[in-house]
Amino acid sequence: MAERAQFEELARQLSAVGAVKRDMGRILPPDCPTGSAAVLTLLGRHGDMRMSKLAELLAVDMSVTSRHVAHVAARGWIERHPDPADKRSRILHLTPAGLEQLDELSRRTTHLLAERLADWTDDEVGQLIRLMTRLRSSFGDCRSAPVRHPSAAVPVCEETTRTPAST
């Protein structure tokens with residue numbers, strides 16, 4: 001088991017990840033804030049779902065989820081269809097425009113990461129991915145399900161529901 005000093009340093013390094021997340025938030029298109037990007041990413045990763053499931057995956061309450069959903073729906077990136085099992089509920093579905101936006105988010109994120117990690121070897125990037133995946137698994141991250149859409153590689157975490165200015 002690691003020593004206390006190692007865990008303290010790990011805590012400091014994890015706190016510093018906020019700067020990386022803020023930088024990633026700055027590359028988003030002006031009409032697609034971090035909460036909207038999170039909605040698109042989760043729908044791309046998990047497929048159609050009810051708003052209650054989306055709220056659970058975002059780890060925010062329904063009122064916040066509703067605002068994010070209204071924002072992406074107003075831009076034509078998702079559709080809300082009645083749930084055949086419960087007509088009071090809606091199923092959220094990515095539209096072709098939403099898939100295009102998700103592709104754009106993925107391109108921007110991939111470009112930023114490639115730029116910032118240009119001096120890293122492929123093995124180092126692979127090691128970081130493995131260790132971050134293992135870290136998330138140790139914390140029981142519910143979003144570690146298999147990716148359904150290739151553009152769902154946009155990083156998502158609970159704090160992505162905040163605007164870059166509030167993190």
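Student: Pro33 touches Leu28 and His71, not counting residues up to four places away in sequence. What makes that a contact?

Tutor: This is a predicted model, and a contact in it means heavy atoms within 4.5 Å. Pro33 meets that with Leu28 and with His71. The C-alpha atoms of Pro33 and His68, 35 residues apart along the chain, are separated by 9.1 Å.

Student: Where does Pro33 lie, and why is it called partly exposed?

Tutor: Pro33 is in the loop between α1 and α2. Its relative accessible area is 31%. Partly exposed runs between the 20% and 50% limits, so Pro33 belongs there.

Student: What are the elements of the chain, counting from the N terminus?

Tutor: They run α-α-β-α-α-β-β-α-α, which is six helices and three strands. The chain has 167 residues, and 36% of them count as buried. Of the contacts with a separation of 6 or more, 62% are between residues 24 or more positions apart.

Student: Now the salt bridges. How many does the structure hold, and what makes Arg26 and Asp23 one of them?

Tutor: There are 10 salt bridges in the structure. For Arg26 and Asp23, the closest N and O atoms are 3.5 Å apart. The cut-off is 4 Å, so the pair qualifies. Arg26 and Asp23 both lie in helix α1, three residues apart, about one turn of the helix. They are also linked with Glu115 and Arg116 in a network of salt bridges.

Student: Why is Arg26 called exposed?

Tutor: Arg26 has a relative accessible area of 57%. Exposed means over 50%, so Arg26 passes.

Student: What makes Glu56 and Lys53 a salt bridge, and how far apart are they in helical turns?

Tutor: The closest N and O atoms of Glu56 and Lys53 are 3.5 Å apart, and the 4 Å limit lets them in. They are separated by about one helical turn because they sit three residues apart in helix α3. Glu56 is at 48% relative accessibility and Lys53 at 37%. Neither value is under 20% or over 50%, so Glu56 and Lys53 both count as partly exposed.

Student: Asp86 and Arg88 form a salt bridge too. Is each partner buried or exposed, and why?

Tutor: Take Asp86 at 17%: buried means under 20%, so Asp86 is buried. Arg88 is at 75%, and exposed means over 50%, so Arg88 is exposed. The closest N and O atoms of Asp86 and Arg88 are 3.1 Å apart, within the 4 Å limit.

Student: Which residues form the negative surface patch, and why do they count as negative?

Tutor: The patch consists of Asp119, Asp122, Asp123 and Glu124. They count as negative because Asp and Glu are taken that way. Like charges are joined within 9 Å, and patch members need over 30% relative accessible area and no salt bridge. Asp122, placed in helix α6, is at 71%. That clears the 30% floor for the patch, and it is over 50%, so Asp122 counts as exposed.

Student: And the nonpolar surface patch: which helix gives the largest share, and what makes Leu10 eligible?

Tutor: Helix α1 gives the largest share, five residues. The patch covers about 840 Å² and includes Met1, Phe7, Leu135 and Phe139. Leu10, one of its members, has its place in helix α1. At 40%, Leu10 is over the 30% a patch needs, yet not over 50%, so it is partly exposed. For the whole chain, the accessible surface comes to about 10,400 Å², 56% of it belonging to carbon and sulfur atoms.

Student: What makes the phi of Ala59 worth a look, and why is Ala59 called partly exposed?

Tutor: Ala59 has a positive phi of about 60° although it is not a glycine. Ala59 lies in the loop between α3 and α4. Its 48% relative accessibility falls between 20% and 50%, so Ala59 is partly exposed.

Student: Last one: why does Glu100 count as exposed?

Tutor: Glu100, in helix α5, is at 56% relative accessibility, over the 50% line, so exposed is the word. The C-alpha atoms of Glu100 and Trp77, 23 residues apart along the chain, are separated by 8.5 Å.

Terms used:
Residues are numbered from 1 along each chain as its sequence is written. This is a predicted model: local features need pLDDT of at least 70, side-chain atom pairs count only at pLDDT 80 or more; totals for chains, interfaces and linings use all residues. Side-chain values use heavy atoms; hydrogens and water are left out. Patches are made of residues with over 30% relative accessible area and no salt bridge: like charges are joined within 9 Å, nonpolar side chains (Val, Leu, Ile, Met, Phe, Trp, Tyr) within 5 Å. Accessible areas come from the Shrake-Rupley method with a 1.4 Å probe; for residues, only the protein chains shown count as cover. A salt bridge is a side-chain nitrogen of Lys or Arg within 4 Å of a carboxyl oxygen of Asp or Glu. The place of a charge is taken as NZ of Lys, CZ of Arg, CG of Asp or CD of Glu. Helices (H or I, at least four residues) and strands (E, at least two) are DSSP runs, numbered from the N terminus. Buried means under 20% relative accessible area, exposed over 50%, partly exposed in between (1.4 Å probe, protein chains only).
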